[in-house]
Amino acid sequence: MPAPEFQHTVAKTASLSGTALHTGDKVTLKLQPAPVDHGIKFKRKDLQDEPTIDAKIENLKTVERATTIGEGSVRVHTVEHILSALSAMGVDNAVVEMDANEPPIGDGSAQPYVDLIKKAGVTAQDEPRSFFDVREPMHVETKTGALLVLLPDNKFRISCTQAGPNNRFTQFLSMEVTPAYFEREIAPARTFVYYEDVKPLMDKNLIKGGSLENAIVVRGDAVLSKEPLRFSDEFVRHKILDIIGDLALVGRRIRGHIVAVKPGHATNADLARSIVREQTRRSALAAPRTIPSGDGGLDPDQVMEILPHRFPFLMVDRIISFETDTKCVGVKTVTINEPFFQGHFPGHPVMPGVMQIEAMAQVASILLFKLAKTTSRIGYFMSADGVKFRKPVLPGDTIFVHAELTKSRGERLAKAKCHCVVNDAIVSEAELMFTFLDK
Ligand SMILES: [Zn+2]
């Protein structure tokens, strides 16, 4: 086992001003310390109520040219360079406060953010970091030839091949991501764009802050930029910078080796999503599975005080634990006496998948109730995404129903990720959406 590593935040607030790439407006960014397990959050100081957006893959909105995250109608654009610097320089928890919808573009590299982080200082906190350890190879691939493979490794390493149109500017670099290497070899690498890609945007005035001062423009075989190339292989270095930034949206550190061929924001985001999916699966399997008799959960009477459902439609016997206000595990013991077994199927009893979805919805409703703190409004089940039934559930099985609220948008909408586990295996999963109505 590697020695435990501790979470880090910035020691003090530091700020940076500059120009926003897309609007061309002036923007001031303040990097502020944050407590353990906070993660990186962006704060829009310029909007009413100063909303914050978690730098999490669930909040990813678009990946065209840059990485945009958002919640509700609030957006933050071009987050990948500052996230890359924060991740590689070892900052786990911070608030990135801005008075505009994107960070200052600087010179198109992560250098200004590294300078900002060093100005603020990086300081250890007293909780261990969480890691994603790659156990088996994972990969994502697109029709356009982009490929990312993630292999087991006890370090965080990236080996990247970049290639431009007709394989011009093909470059390769392999490295281990450490703060010192990043600062010296990766952070200074600037954004590069192909002239044919940006010409239409310039014509439409969509990149008002763009200039040869914050990007290298490649036109045919010519490289146009205000200052000469900082490295002969600057492009592949910037690709690595973007991979680190996009994968920071996983929300935990990766121990593994990424082999990337012609990567882009879309493939990076796909890999981040796969990692989070795998992590969620592992967490569900690792959760405690003994039924406690004491406090911490809800007994059957308490469950029925919250849920209006009754036999034969009550699909939760008890709640065994609340991990936080947004996460809990419920239990349902499936007996041969369940009415649905009579007809599903005669002589061959299998629990209908929809009843597992119902169990997930009921456990998630208990979380919603805890959040709303009233039984006068009830969460109605609106839709289910990503529904998978992996194994049959049979009479005598005990189902552990895991539910986690991933989003609760104001007063009206909520989303929950749910799994049913029987004998240490996931039997079904779904992402459920709810709306609240008065009873
Ligand atoms: Zn970039």
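Student: Which elements each supply at least two residues of the lining of the second largest pocket?
Tutor: They are α1, β16 (192-194), α4 (195-203), α5 and α6 (265-286). Helices (H or I, at least four residues) and strands (E, at least two) are DSSP runs, numbered from the N terminus. This is a predicted model: local features need pLDDT of at least 70 and side-chain atom pairs count only at pLDDT 80 or more, while totals for chains, interfaces and linings use all residues. Residues are numbered from 1 along each chain as its sequence is written, and side-chain values use heavy atoms, with hydrogens and water left out.

Student: Which element gives the most to that lining?
Tutor: Helix α4 does, with five residues.

Student: And what volume does the second largest pocket have?
Tutor: About 1200 Å³, taken as the space filled by probe spheres set on grid points joined across faces, edges and corners. On a 1 Å grid over the protein atoms alone, a pocket is an open set of points with protein on both sides within 12 Å along at least five of seven lines, whereas in a cavity a 1.4 Å probe fits but cannot get out; lining residues have an atom within 4 Å of a point.

Student: Which lining residues are the closest to its centre?
Tutor: Of the 43 that line this pocket, they are Arg65, Phe192, Val193, Tyr194 and Asp197.

Student: Back to α4: is Leu201 buried or exposed?
Tutor: Leu201, which lies in α4, has a relative accessible area of 8% and is therefore buried (under 20%; exposed is over 50%, partly exposed in between, with a 1.4 Å probe and protein chains only). Beyond its neighbours within four places in sequence, Leu201 is in contact (heavy atoms within 4.5 Å) with Arg65, Leu206 and Ile207.

Student: New topic: what coordinates the zinc ion?
Tutor: His81 (NE2), His238 (NE2) and two OD entries of Asp242 do, at 2.1 to 2.6 Å. Donors are N, O and S atoms within 2.8 Å of the metal (3.2 Å for Na, K and Ca); water is not among the atoms, so sites may look incomplete.

Student: Where do His81 and Asp242 sit in the chain?
Tutor: His81 is in helix α1 (residues 80-88) and Asp242 in helix α5 (residues 234-247), 161 residues apart, so the pair links distant parts of the chain.

Student: Why is the arrangement irregular?
Tutor: Because the four donor atoms subtend angles of 54 to 150° around the zinc ion. Tetrahedral would require all angles between 85 and 135 degrees; square planar (four donors) or octahedral (six) would require opposite donors over 155 degrees apart and all others between 65 and 115; anything else is irregular.
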